[in-house]
Amino acid sequence: MTLLDLTDPRPTLADVARAAGVSSATASRVINGFSCVRPETRRQVEDAIVNLGYVRQRASRLNDRCPTGSIAVVVCEETLRLFSDPFFGRVLRGVSRALVPAGYRTVLLTAQSMKETQSAVGYLCGEHVDGALVVSMHARYSMALERVTVPLVCVGRPAFDGRGAYSYVDADNRGGAERAVRYLLDSGRTRIATIAGPKDMSPGVDRFAGYQAALNGKGSVDPGLVVHGDFGQSCGEHMMLRLLDRRPDLDAVFAASDLMAVGALRALRRSGRRVPDDVAVIGFDNAPIGRSSEPPLTTVNQPVEEIGAQTARELLRLMAGTAEGKRTVLETALVIRESA
């Protein structure tokens with residue numbers, strides 16, 4: 001049984017949420033059509049609206065106030081990573097390519113901790129922006145997003161979103177990683193290590209899954225050949241040295257980012273290994289740094305700028321109410337250079 005406030009007989013959004021067994025944010029998304037919601041969840045909320053006789057006292061937020069003309073881009077990484085990793089600049093170029101012609105400006109927010117993430121969510125809910133794009137989301141920040149009621153689209157598959165509630169545009173991380181490792185196997189490499197990405201981010205999870213899928217046909221994966229990094233160059237160097245200490249006879253490494261792969265190349269030079277003669281190296285991203293590394297880096301290309309542009313276009317469609325949320329995965333391709 002639902003208890004209503006006796007001082008005001010009209011049911012509220014919170015009453016609808018309780019009756020439907022969902023959060024207020026989810027109920028708000030259904031009522032305002034801001035984001036993708038599972039059909040069964042939508043039906044629960046709609047049934048609660050009918051049973052309670054809920055009537056919105058005002059129109060949806062985007063229609064009852066003047067649009068701000070601003071879109072927030074929330075990057076869930078340290079500021080140093082934002083400016084040192086070319087991935088983020090490439091994403092932002094793609095986002096601008098779609099938003100500038102549509103007359104929108106971007107507001108860049110960084111969220112380096114749970115406190116900063118909560119602050120960013122408060123900003124998003126404060127009618128400062130018309131929508132939001134979330135980049136590099138870590139699972140530990142996922143609960144904070146439940147409060148966001150403006151239209152929201154993620155750059156990359158959100159690892160925390162088991163219900164499929166969020167729209168996103170991603171690359172085929174698993175397929176790209178599997179293709180890279182199969183190339184190493186076909187080249188005669190037999191002891192293939194990986195410097196995998198973070199365990200709480202979908203690119204790290206999916207690229208490691210691709211590595212495992214390629215090797216499972218050759219037997220179980222040797223845990224001594226697996227380390228996890230943070231996608232950064234110095235981490236790649238450190239983890240490569242750790243792998244060499246564990247398995248000095250390894251003959252190939254797949255790194256889950258080009259920055260980590262370039263760090264691995266440096267560690268291999270310091271250790272006296274020749275690339276690709278002794279150890280082949282493949283990265284992921286097709287970042288500019290890979291073209292000028294020594295030797296030039298074999299890598300998996302993902303269309304980063306197009307991911308940014310498509311994410312922004314999807315957000316514009318959600319804001320206009322002309323489309324339901326959706327999940328888009330773009331193709332990747334192996335780029336052969338001299339490191340493998």
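## Exercises on salt bridges and a helix pair

At 27% relative accessibility, D222 counts as partly exposed. Keep that residue in mind for the second exercise, and remember that we're working with a predicted model.

**Exercise 1.** Work out which side chain pairs with D15, and where the two residues sit.

*Solution.* Start with the charges: side chains of opposite charge can pair when their charged atoms come close. For D15 the partner is R18, in a salt bridge with an N to O distance of 2.4 Å. Next, place them: both belong to helix α1 (residues 13–20), and they're 3 residues apart, about one turn of the helix. Finally, check accessibility. D15 comes out at 3%, so it's buried, because the cut-off is under 20%. R18 comes out at 52%, so it's exposed, because that takes over 50%.

**Exercise 2.** Find the partner of D222 and say which parts of the chain the pair ties together.

*Solution.* The side chain of D222 meets that of R247 in a salt bridge, 2.9 Å from N to O. D222 is in the loop between α9 (202–216) and β7 (226–228), while R247 is in the loop between α10 (233–246) and β8 (252–255), so the bridge ties together parts 25 residues apart in sequence. As for accessibility, R247 has a relative accessible area of 28% and is partly exposed.

**Exercise 3.** Show which helices the salt bridge between E237 and R270 ties together.

*Solution.* First, the distance: the closest N and O atoms of E237 and R270 are 2.6 Å apart. Then the location: E237 lies in helix α10 and R270 in helix α11 (residues 258–270), so the pair links parts 33 residues apart in sequence. Now the accessibility: E237, at 12%, is buried, whereas R270, at 56%, is exposed. Elsewhere, salt bridges with shared partners join R93, R97, E305, E306 and R313 into one network. The full count is 15 salt bridges.

**Exercise 4.** Describe how α10 and α11 pack, then break down the contact by residue type.

*Solution.* Two numbers do the job here: two packed helices are described by the angle between their axes and the distance between the axes. For α10 and α11 the angle is about 50° and the axes are 6 Å apart. That makes α10 oblique to α11. The crossing is right-handed. On the α10 side, the contact includes E237, M240 and L241; on the α11 side, it includes L259, V262 and R270. Sorting the contact residues gives 9 nonpolar, 3 polar and 3 charged.

Methods
Residues are numbered from 1 along each chain as its sequence is written. This is a predicted model: local features need pLDDT of at least 70, side-chain atom pairs count only at pLDDT 80 or more; totals for chains, interfaces and linings use all residues. Side-chain values use heavy atoms; hydrogens and water are left out. A salt bridge is a side-chain nitrogen of Lys or Arg within 4 Å of a carboxyl oxygen of Asp or Glu. Helices (H or I, at least four residues) and strands (E, at least two) are DSSP runs, numbered from the N terminus. Buried means under 20% relative accessible area, exposed over 50%, partly exposed in between (1.4 Å probe, protein chains only). Axes are lines fitted to C-alpha atoms, for helices over the stretch in contact, and angles run from 0 to 180 degrees between N-to-C directions. Angles under 35 degrees count as roughly parallel, over 145 as roughly antiparallel, 65 to 115 as roughly perpendicular and the rest as oblique. A crossing is left-handed if the near helix is turned anticlockwise from the far one by less than a right angle, and right-handed if clockwise. Contact means heavy atoms within 4.5 Å. Ala, Val, Leu, Ile, Met, Phe, Trp, Tyr, Cys and Pro count as nonpolar, Asp, Glu, Lys and Arg as charged, and the others, Gly among them, as polar.
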